[in-house]
Amino acid sequence: MPLNENALVDLDTMKNWLGIDLLNTDFDFKIELFINSASKKIETYLNRKLSKRQYTVRKDGVRSAKIVLRHYPVGTVTSLSLSNDWDFTETVDTANYIFSEDGVITLREIVAGRGNANIQVIYEAGYVTPLS
């Protein structure tokens, strides 16, 4: 059984922790099953994805200079667009916002206007995992 994309540990590391010789493949299927199951349960409990990946999200504007992202730690923000007609063709210049690792984008000298899904953010967030 191959490890799922969200596996939080690789097979060799787990075998080392368990004291199983890396050349012994007798238990690989069960160990991979346990890794996949535990990784899924952890993400379900936390209600978020942990492995590093790219996200494209739309957020509702609430007349604020702060935009809170669901997934963290944030590594990069590829683009940030504010739009009232949902075309998202014009992006906000990177000089007009800063982002923190904990998932908060702070706009400089502009405010995201009130609207329904009028903010689009493309960003990379998460932790480096064996398959990310």
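This report covers salt bridges, a nonpolar surface patch, an open sheet and the surroundings of one strand residue. The model is predicted.

**Salt bridges**

Side chains of opposite charge can pair when their charged atoms come close. This structure holds 2 salt bridges. The table lists them.

| Acidic residue | Basic residue | N to O distance |
|---|---|---|
| E5 | R53 | 3.7 Å |
| D28 | K15 | 2.9 Å |

Take E5 and R53, whose side chains meet in a salt bridge. E5 sits in the segment before α1 (11-18), while R53 belongs to strand β1 (residues 53-61), so the bridge ties together parts that are 48 residues apart in sequence. Is E5 buried or exposed? E5 counts as exposed, because its relative accessibility is 54% and the cut-off for exposed is over 50%.

Now the salt bridge between D28 and K15. D28 is in helix α2 (residues 28-46) and K15 is in helix α1. The two residues are 13 apart, and the pair links distant parts of the chain. Both D28 and K15 are buried.

**A nonpolar patch**

Which residues make the nonpolar surface patch? They are L8, I42, Y45 and L46, and the patch covers about 420 Å². L8 comes from the segment before α1. With a relative accessibility of 31%, L8 counts as partly exposed.

**The open sheet**

Strands of a sheet pair through backbone hydrogen bonds, either parallel or antiparallel. Here 3 strands form an open sheet, and their pairing is antiparallel. The order is β2-β5-β4. Why is one side of β2 and of β4 left without a neighbour in the sheet? β2 (66-68) and β4 (97-99) stand at the edges, and each has a single partner strand, so one side of each has no neighbour there. On average, neighbouring strands of this sheet are turned by 15° against each other, direction ignored.

The pairing of β4 with strand β5 (residues 104-107) is antiparallel and runs over 3 bridges. F99 has I105 in β5 as its bridge partner.

**Around E124**

E124 lies in strand β6 (residues 115-125). Its relative accessibility is 28%, so E124 counts as partly exposed. What does E124 contact, leaving aside its neighbours within four places in sequence? The contacts are K52, R53, Q54, P73, V74, G75 and T76. One of these, R53, is also the salt-bridge partner of E5. L33 is 91 residues from E124 in sequence, and their C-alpha atoms are 28 Å apart in space.

Conventions:
Residues numbered from 1 in each chain as written. Predicted model: local features only at pLDDT ≥ 70, side-chain atom pairs only at ≥ 80, totals over all residues. Heavy atoms only, no water. Salt bridge = Lys/Arg side-chain N within 4 Å of Asp/Glu carboxyl O. Helix = DSSP H or I, 4+ residues; strand = E, 2+ residues; numbered from the N terminus. Buried < 20%, exposed > 50% of the residue type's maximum accessible area, 1.4 Å probe, protein only. Patch = residues over 30% accessible without salt bridge, like charges linked within 9 Å, V, L, I, M, F, W, Y side chains within 5 Å. Areas by Shrake-Rupley, 256 points an atom, 1.4 Å probe, with all protein chains shown as cover. Pairing = 2+ DSSP bridges. Axes fitted to C-alpha atoms, helices over the stretch in contact; angles between N-to-C directions. Contact = heavy atoms within 4.5 Å.
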